[in-house]
Each structure stands twice: as structure tokens, then as C-alpha cells.
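Reader: I should like to request a close look at one residue and its surroundings, followed by an account of the charged pairs elsewhere in the assembly. Please state the cut-offs as the terms arise.

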Amino acid sequence: MLPAITADKLTKRFGDFTAVNQISFEVKKGEIFGFLGANGAGKTTAIRMLNGLSRPTSGQATVAGFDVYRNTEKIKRRIGYMSQKFSLYEDLTVRENIQFYGGIYGLPLKDIRHQMKQLLANLGMESYARTLVKSLPLGWRQKLAFSIAIMHRPEIVFLDEPTGGVDPITRRQFWEMIYKEANEGMTIFVTTHYMDEAEYCGRVSIMVDGRIAALDTPKALKEQFHADSMNDVFLNLTRPGRQHA
Amino acid sequence: MANQYAIDVQNISKRYGKQVLALDEISLHVHSGELFGLIGPDGAGKTTLIRILATLLLADSGQASVNGWDVRKDYKKIRSNVGYMPGRFSLYQDLSVEENLHFFATIFGTTIEENYELIREIYVQLEPFRTRKAGQLSGGMKQKLALCCALIHKPLVLFLDEPTTGVDAVSRQEFWEMLQRLRQKGITILVSTPYMDEASLCERVALIQKGRIMSIDTPANIVAGFDKPLLAVRTDNMYRLINDLRQFESTHSAYPFGDYAHLALNGPIWPEAVHAFLADKKHTGIEIKPAKATIEDSFMELMTKS
Amino acid sequence: MKQLLIFIRKETYHIFRDKRTLLILLGMPMVQVLIFGFAITNEITNARIAILDQSKGEMSQDIIQRLVASSYFEIDENLRAVSDIERHFRQGKTKMVVVFPPQLQENLLRSVPTQIQLVADATDPNTATTLINYASAIIGRYLQEQNQGNAPPLEISTDVKMLYNPRLKSVYMFVPGVITIILMLMSAMMTSIAITREKELGTMEVLLVSPLRPSTIVVGKVIPYILLALAMAAIVLLLGAFVFGMPIRGSLLLLMVECVLFVITSLSLGILISTRTETQQVAMLISLMALMLPTILLSGFIFPIESMPKVLQVISNIIPAKWFIIIIKNVMLRGTGFNFIWKETLILLGMALFFIGASIRNFKIRLA
């Protein structure tokens with residue numbers, strides 16, 4: 001089976017500064033892949049290259065089997081994206097957001113209508129279709145944003161700190177949604193600052209100063225670093241010799 | 001007014017518009033020199049409470065005082081004597097590290113030299129970047145600078161609104177180490193955070209959700225108050241595991257916790273019974289061990305109760 | 001005091017570190033003056049006209065020459081027949097056609113009443129009127145000169161002398177107006193944005209939770225921008241003087257002092273706006289919409305206040321720009337001293353104090 005994402009010595013430089021330095025990894029189809037790193041370690045730049053938003057300086061990468069240099073448009077059709085900072089239009093209603101995102105991915109109207117019903121039923125939000133997104137609680141918003149991000153059935157979904165500030169129960173419900181999709185074959189590529197969430201991932205990579213400093217299952221990483229939790233693994237890796245500005 | 005509390009909040013309520021009840025009859029007190037945590041998700045009302053105490057907002061009803069000063073009447077006194085660090089990075093991005101610090105020292109009527117001792121440990125880490133613009137600092141460094149600016153006038157009470165949100169685990173750890181040292185210097189600290197694991201770093205915490213305080217106590221007591229037997233369970237398929245555990249008749253709740261699921265039971269039960277149930281559901285790699293509750297377990301338990 | 005100084009210093013850093021905005025702030029007045037200066041002038045130069053000369057005599061040639069020599073007109077075409085006139089206008093080539101009748105010379109010499117016809121394209125009535133006025137003045141003067149040798153026919157000649165602006169140059173009208181509008185808008189916009197920016201960035205929160213008094217914040221925001229606004233005023237005045245030949249007959253010092261006063265009024269108006277707005281966008285829109293229209297329409301810049309309905313005349317009194325335009329016109333064109341404009345100055349001073357006071361009073365000491 002073809003891997004969902006491959007990266008081979010992928011590099012991005014901004015002038016003298018190397019934001020991403022020869023990272024190589026593979027993400028299997030249906031895997032939940034945690035992409036961790038300190039602020040400024042190069043996570044965002046790496047994700048942008050995979051999303052087709054930023055052209056790599058050197059190295060190779062494919063997403064859903066397509067080359068990130070030549071086929072960015074094909075990639076964009078096959079991925080979903082959701083971030084904590086921006087995901088839904090707050091001044092549109094739930095329904096309008098669904099229609100909008102369905103529309104930009106070119107879903108037929110009939111499909112959108114059908115999916116909207118399904119999606120709202122799954123979230124138990126049928127009676128909120130005409131509610132402005134900004135008046136929904138944050139946890140609902142994030143669950144809704146995730147559902148919308150995968151409405152066009154992408155092969156891979158990128159989640160950029162999807163659960164920041166969400167209460168612990170909703171956070172878990174969110175992860176259960178992720179498990180469900182991964183179980184059905186969707187590949188999940190997720191960044192988070194919650195170290196316990198890192199343990200929900202199948203495999204985890206930790207970036208330090210533009211490089212991938214560790215990549216393995218949470219269990220193997222904990223054994224390797226003789227640590228009790230992913231938090232300790234993370235501190236172990238990033239604390240010595242980290243850049244201080 | 002004789003008042004031994006550094007912060008005293010009595011029946012504070014605050015409403016935004018007609019619908020949103022941000023704070024619902026909140027009461028708490030913080031002792032002088034205490035490191036007190038407000039733990040809760042976004043929208044719980046943490047920011048509103050801190051803003052009321054920092055005299056930035058007026059409560060609709062209730063009383064609150066900081067160091068004995070009323071937040072409504074004596075706001076000028078409070079403003080001169082507390083440090084406040086808002087949730088967003090709120091320094092001047094186009095001013096250098098030094099210029100920011102100098103500015104805040106001066107508007108509080110003091111100088112950097114006068115209170116340097118207090119910020120020295122934090123500031124030495126910033127020193128190499130003295131002339132760098134604040135906007136060009138990394139997330140962790142920005143937090144340190146903001147803390148320096150909030151401390152420069154040697155406040156009696158420090159209000160920190162989600163100082164570690166969006167900050168990586170290393171910077172978070174360093175930040176908490178700094179708070180511990182400040183506490184040793186006798187500064188009362190009220191800090192809010194959505195990260196449950198940070199609760200254990202506070203002396204006492206208030207678990208807050210939807211404008212209500214669910215529990216106020218030491219972290220140890222809160223965890224001890226979790227009265228259900230708790231097991232940590234893992235199998236090779238977490239998604240199925242959670243769903244199946246919820247079918248189990250003695251299950252009170254089942255949530256993923258790291259690479260295990262925490263299974264709270266309605267009564268004492270042999271782990272073997274759970275094992276048998278899961279084996280029956282064709283799970284592989286079953287592992288079951290007793291677990292100690294965390295603040296997060298307690299928080300979720302309290303959430304479902306209320 | 002130390003707090004105020006550091007606040008001013010901080011504000012100055014903001015101004016000078018944002019190079020792009022600074023450039024726009026200083027470049028904008030230049031562009032505006034030049035655009036206003038060259039586009040909104042009422043003067044006419046080199047208007048294209050056509051001639052239908054049916055007399056083909058010496059006299060018509062003389063008149064044509066005078067028209068061209070005035071540099072107001074430029075001959076576009078010599079028409080052959082009356083029927084050409086209509087066609088010519090339709091092509092939209094010219095603004096006016098001068099028609100000399102046959103036997104023009106003979107009739108005039110024999111004192112037979114005769115008519116030179118001026119046909120103008122009145123789709124733009126202002127231009128048409130101006131053209132007709134210019135042309136008839138030139139022709140009239142020519143005829144007068146011709147008559148001087150002979151026995152002058154009974155006629156009444158009017159002699160209008162325009163004081164202070166002898167050539168009726170409209171530039172004298174609009175340079176003061178443009179200075180006023182630019183100072184008003186830019187100043188109000190600058191301070192309203194400077195404060196709402198702090199609200200948006202969240203730094204206002206930190207300032208509020210400090211012992212800083214509202215008055216320190218307001219005054220600290222106004223002072224650094226006074227200098228910037230004065231630089232703008234200087235640019236506009238220099239352009240007015242060197243590009244458009246605008247005189248400054250009065251004391252330059254007095255002029256600058258009055259500018260400072262007006263700038264303070266406008267800056268504090270900007271602050272007043274910012275006490276009621278939360279975002280830079282809204283502050284900018286309000287500064288533009290709420291200040292620009294009244295300033296342009298009711299200040300006497302474009303429309304004379306005397307010819308407005310009574311209600312508007314009364315309203316115009318609360319427009320700071322009205323008083324400032326009176327002041328600078330007096331100082332620049334008439335060269336009058338302070339003793340002639342103290343009343344207007346006092347009014348502006350009162351307004352400045354009022355706005356500053358209102359800003360400090362309205363300054364919210366808490367969020368929301």
C-alpha cells in the first residue's frame with residue numbers, strides 16, 4: 001500500500017535561516033501521526049510545504065501520491081485542513097459554513113444537503129443549523145470544524161493544534177472522532193501542545209531546530225528515553241541546546 | 001477593613017449581553033503568598049474573573065477585594081500594586097526588550113535598577129536579546145518578557161491570564177519554575193490555565209466550568225475526592241476499546257488517557273472481569289492495571305455531575 | 001511628568017519605526033495638494049475652440065489673435081459653414097465656437113449694431129460660463145480700444161478690481177482649504193488609529209492596569225503627533241508657495257502657531273473618536289466620513305458660507321475648519337496680524353480644550 005505522505009530530505013531555507021533541515025519520514029495510510037516540536041522548531045513550515053502552500057528549497061515529498069513541487073492542486077483536493085486559529089467563519093451560521101466549504105470543494109448541491117443532515121445528526125446539532133458559529137461553545141465549534149474539514153472525504157487531514165483550550169471531555173470526544181476516521185482509513189496528521197494527546201497517536205515525530213530528533217511509537221520513545229510520559233520525552237529532547245530566541 | 005486574604009471574591013456574577021452568563025455567583029479567596037490556579041477550559045470565565053480583579057471590568061453583582069482594596073472603589077490603589085499579564089501577548093512589538101521594560105518601569109513610577117533583584121533570574125535569559133524587538137522573540141521569550149514587565153514594580157499580587165496557552169511544553173515547564181521562585185519571594189499569584197496537568201503545580205486550585213466553580217481545594221485533596229475505583233486499560237485498538245468499555249455493565253465512565261483508557265467503575269470489581277469482557281470482544285494485547293486519578297479525571301467527573 | 005515623557009518617547013518610537021506609514025503620512029499631503037491643485041482648479045487654460053469667420057476681415061483676425069494670445073484659448077479648427085457648428089460640437093472636440101458675422105467690419109465702422117456670436121457647449125455649465133465670460137471680456141476690450149481713436153459712443157464701462165487676489169487665481173482659494181482638510185483628516189486619523197491600535201493589540205489592557213492617568217495617555221498621544229502634523233503643514237505650505245505661487249504675506253510664526261492650535265484641535269477630535277471605537281478600521285472610517293464631509297462642505301472651502309441656508313450657516317460655526325480657514329486666509333493673503341484674528345483663535349482654542357476635556361472624560365478606565 002502506498003504511503004499517505006513521504007518526505008525525503010525535505011528542506012526549507014529563508015535566507016540564511018534553515019527552518020526545516022532535511023527531514024525524512026513516511027506516514028502510512030490510516031495512521032494517526034503526531035507532529036510535535038517546540039514553538040519555532042519548524043512544524044508550521046513543514047506542514048505548509050506538505051499542504052502545497054510553500055515550495056520546498058530542496059528534497060522530495062509526496063502527499064497522497066502526488067509531488068509537492070508539481071501537483072499542489074491535486075494535493076489540495078485530497079487533503080483537509082483545520083487549525084485552532086482559523087477554521088470556520090464566525091459570522092456565518094453552521095449551515096452556511098457547511099454550504100461554503102462543500103461549495104469550495106465542488107461537492108454537488110445534493111451531496112452537500114445530504115452530508116449536512118448526516119453531519120449535524122452525528123454531532124447532535126440538528127437544531128443549531130441556523131445558529132451563528134460565534135455563539136456556539138468552543139468545543140462544539142472545533143468538532144464542527146473537524147467534521148467540515150473532512151466533508152469532502154480527504155485522504156489525509158492536517159490538524160494544527162485542534163484542541164487548544166477545549167475542556168477535557170470535549171477534547172476526548174474530539175479524539176474519538178479522530179479515531180473513528182482513522183479506523184475507516186483516513187490518515188491524520190496532527191500537531192498539539194498537549195503531551196498526553198501525543199500518546200493517542202500511532203507514531204510521533206518530535207522536531208527540534210528544524211530537524212526530526214525522534215520518530216517512533218509513544219511507547220518505544222518512552223522506553224528509549226527511559227521516561228514515564230511523552231512530556232518527559234519531549235523535555236529530554238528539546239531542553240538541552242535549544243535555541244533561546 | 002481587616003482582611004487576611006490577598007484576594008477575596010464573594011458572590012461575583014457577570015453577564016455579557018442577555019444570554020452569556022460568564023460568571024455565576026463565584027466565591028473564593030486566596031491567601032497572601034499563595035500560588036492559586038484557576039483551572040478550566042476556554043469560556044469557563046477565567047479571563048472575566050481575572051479582569052474583574054484587575055479592575056478592568058465591573059462585576060454585575062457581588063464583592064471583591066485585592067489586598068483589602070475594593071475592586072470598584074479603590075481601583076487606583078489596586079492598579080498601582082498589582083501586576084497583570086493578559087492572555088494575549090500585550091507588549092509593544094516594535095519596541096525592543098529593553099525599551100519595553102523601561103517603559104513599564106517608568107509608568108509604574110519606578111526604575112529597572114530599583115527592582116532588578118526580583119526579575120534578575122528571568123531577565124538574565126533575555127539579556128542577550130536586549131536590543132531585539134519584542135515582536136521578533138520566540139513564544140517562550142515573549143512570555144518571559146511579559147512576566148518581567150508585570151513584575152517590574154514589585155507588585156503585591158500577580159494576575160496571570162493563561163500565560164502558558166499555545167506555548168510548548170518546555171517553555172511551559174520553565175515558566176512554572178519561575179512562578180515557584182516568585183512565590184518563595186512572597187508574591188501572591190493567581191494564574192489561570194486550560195492545561196489540567198498544571199494544576200498540580202499550584203498550592204490550591206479552583207476548577208471552573210461554565211462560570212461556576214466546581215471545586216476549590218489543594219490538588220491532592222481534589223484527586224483524593226475521586227471516589228470511584230479506577231483502572232488503566234489498553235488494547236491494540238483504542239477506538240474499539242473505548243466503545244466497548246462503555247458497554248461494560250459496571251462502567252461509570254471510560255476516557256482515553258494517553259496510551260491507556262481510564263475506566264472508572266461503579267463499584268469495586270476484579271480486573272479479571274474486565275479482562276474477560278474485553279477478551280470476549282476479541283481485543284488483543286489487553287493490559288489492565290490500577291490507576292491513580294488525576295486532576296483531569298476529577299474535572300471530568302465534576303463536569304458530568306453538574 | 002516622567003510618565004508623560006516616557007509615554008511620548010514610546011509613541012515617537014512607534015511613529016519612526018513604522019517607516020511605511022510614516023512615508024504615507026508625509027507623502028499623502030503632497031499628493032493631495034498636487035491633485036487638488038491641478039484637478040480642482042476653476043481656471044481655464046488652452047480651451048479648444050473653433051472659429052466660423054464669415055467676415056474674413058482684418059478685425060476678425062485681430063480678435064482671433066487676441067483670443068489665442070490670452071492663452072485661455074487654442075484654435076482647434078476653422079469652420080466653413082453654420083451647419084458645421086452642430087457637427088463639431090457633436091464630435092466633442094471643442095467647448096466653444098466663435099461666429100463672426102459677414103460684414104462685421106463694415107457694420108462696426110458704420111455703427112450698425114452687430115453681433116459676434118459665442119456658442120458654448122453647456123453640458124458643463126461652469127466651464128461654459130467661464131469661457132463665455134473670458135471671451136466676451138477679451139472681445140469687449142478689443143472693441144473699446146478700437147473705439148478710442150474715434151468719437152467714443154455712449155457707453156458705461158465697468159471696472160472691477162479684485163482685492164488681494166487680483167488675478168482671481170483659484171489657487172488662493174483652495175490652498176488654505178486643502179491645508180485645512182489635510183491637517184484635519186490626517187491628524188484625526190492618526191490619533192484615533194494610534195489609540196485603537198493599542199486596543200486591538202491588547203496593550204491598552206496593560207496600560208489601564210497601571211497607574212497611568214487617562215489624561216497622561218491622551219496628552220501623551222497628542223504631543224508627538226503635533227510635530228508630525230506640523231511637518232505635513234509645512235509640506236503643504238511649501239508646495240502652495242512654490243508650485244502654485246501662493247503668497248504668505250503675514251507672519252510665518254503666527255501662521256505656524258495657528259497651525260499648531262488647529263492640529264491640536266483635530267488630534268483631540270481623533271482621540272475623542274477613539275474613545276468610542278474599538279477597532280482601527282472603524283476609527284479610520286469614522287474619521288474619514290464624519291469629518292471629511294462637514295469639513296469640505298461647511299467650512300467655506302468650496303461653498304461660500306454666506307450663500308448657505310440659515311440652518312447650515314449656524315451649523316458651520318461648530319466646524320473647526322471654518323475658523324481655521326478664516327485665520328489662514330487672513331494671515332497668508334491679507335497679511336493681517338493677531339489683532340485681527342484673535343476672535344477666531346479664541347474659538348479654536350475653546351474647541352481644542354473642549355475636545356481634550358471630552359476625550360479625557362470619555363476615556364474608558366475599564367474594558368467594555
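Reader: What is the relative accessible area of C:Leu34, and which class, buried, partly exposed or exposed, does C:Leu34 fall in?

Author: C:Leu34 has a relative accessible area of 33% and is partly exposed; buried means under 20%, exposed over 50%, and partly exposed lies in between, with a 1.4 Å probe and protein chains only. This is a predicted model, in which local features need pLDDT of at least 70, side-chain atom pairs count only at pLDDT 80 or more, and totals for chains, interfaces and linings use all residues. Residues are numbered from 1 along each chain as its sequence is written, chains are lettered from A and ligands numbered from 1 in the order in which they are written, and side-chain values use heavy atoms, with hydrogens and water left out.

C:Leu34 lies in helix H2 of chain C, where helices are DSSP runs (H or I, at least four residues) numbered from the N terminus. Together with C:Phe38, C:Leu238, C:Phe242 and C:Val243, C:Leu34 forms a nonpolar patch on the surface, with about 540 Å² of accessible area in total. Helix H2 (19-39) and helix H9 (214-242) of chain C are the elements that give two or more residues to this patch. Patch residues have over 30% relative accessible area and no salt bridge, and nonpolar side chains (Val, Leu, Ile, Met, Phe, Trp, Tyr) are joined within 5 Å. Accessible areas come from the Shrake-Rupley method with a 1.4 Å probe.

The charged pairs come next. Over all chains, 39 salt bridges are found, each a side-chain nitrogen of Lys or Arg within 4 Å of a carboxyl oxygen of Asp or Glu. One of them joins A:Glu73 to A:Lys76, at 3.7 Å from N to O. Both residues belong to helix H2 (residues 72-78) of chain A and stand 3 residues apart, about one turn of the helix. A:Glu73 is exposed at 54% relative accessible area, whereas A:Lys76, at 30%, counts as partly exposed.

A second pair links distant parts of the chain. In the salt bridge of A:Arg171 with A:Asp196, the closest N and O atoms are 3.5 Å apart. A:Arg171 sits in helix H6 (residues 168-183) and A:Asp196 in helix H7 (residues 195-198) of chain A, 25 residues apart. A:Arg171 is buried, at 4% relative accessibility, while A:Asp196 is partly exposed at 21%. Both belong to a network of salt bridges that also includes A:Arg172, A:Glu197 and B:Glu296.

The last subject is the interface of chains A and B. There, 33 residues of chain A are in contact with 36 residues of chain B, contact meaning heavy atoms within 4.5 Å. About 3100 Å² is buried between these two chains, with carbon and sulfur atoms giving 57%; buried area is the accessible area (1.4 Å probe) lost on putting two parts together, summed over both. The rule finds 4 salt bridges across this interface; A:Lys222 and B:Asp259 meet in a salt bridge at 3.2 Å, N to O. On the side of chain A that touches chain B, the elements giving two or more residues are H6, H7, helix H8 (218-224) and helix H9 (230-238) of chain A. H6(A) gives the most to that side, with 8 residues.

Notes: Patch = residues over 30% accessible without salt bridge, like charges linked within 9 Å, V, L, I, M, F, W, Y side chains within 5 Å.
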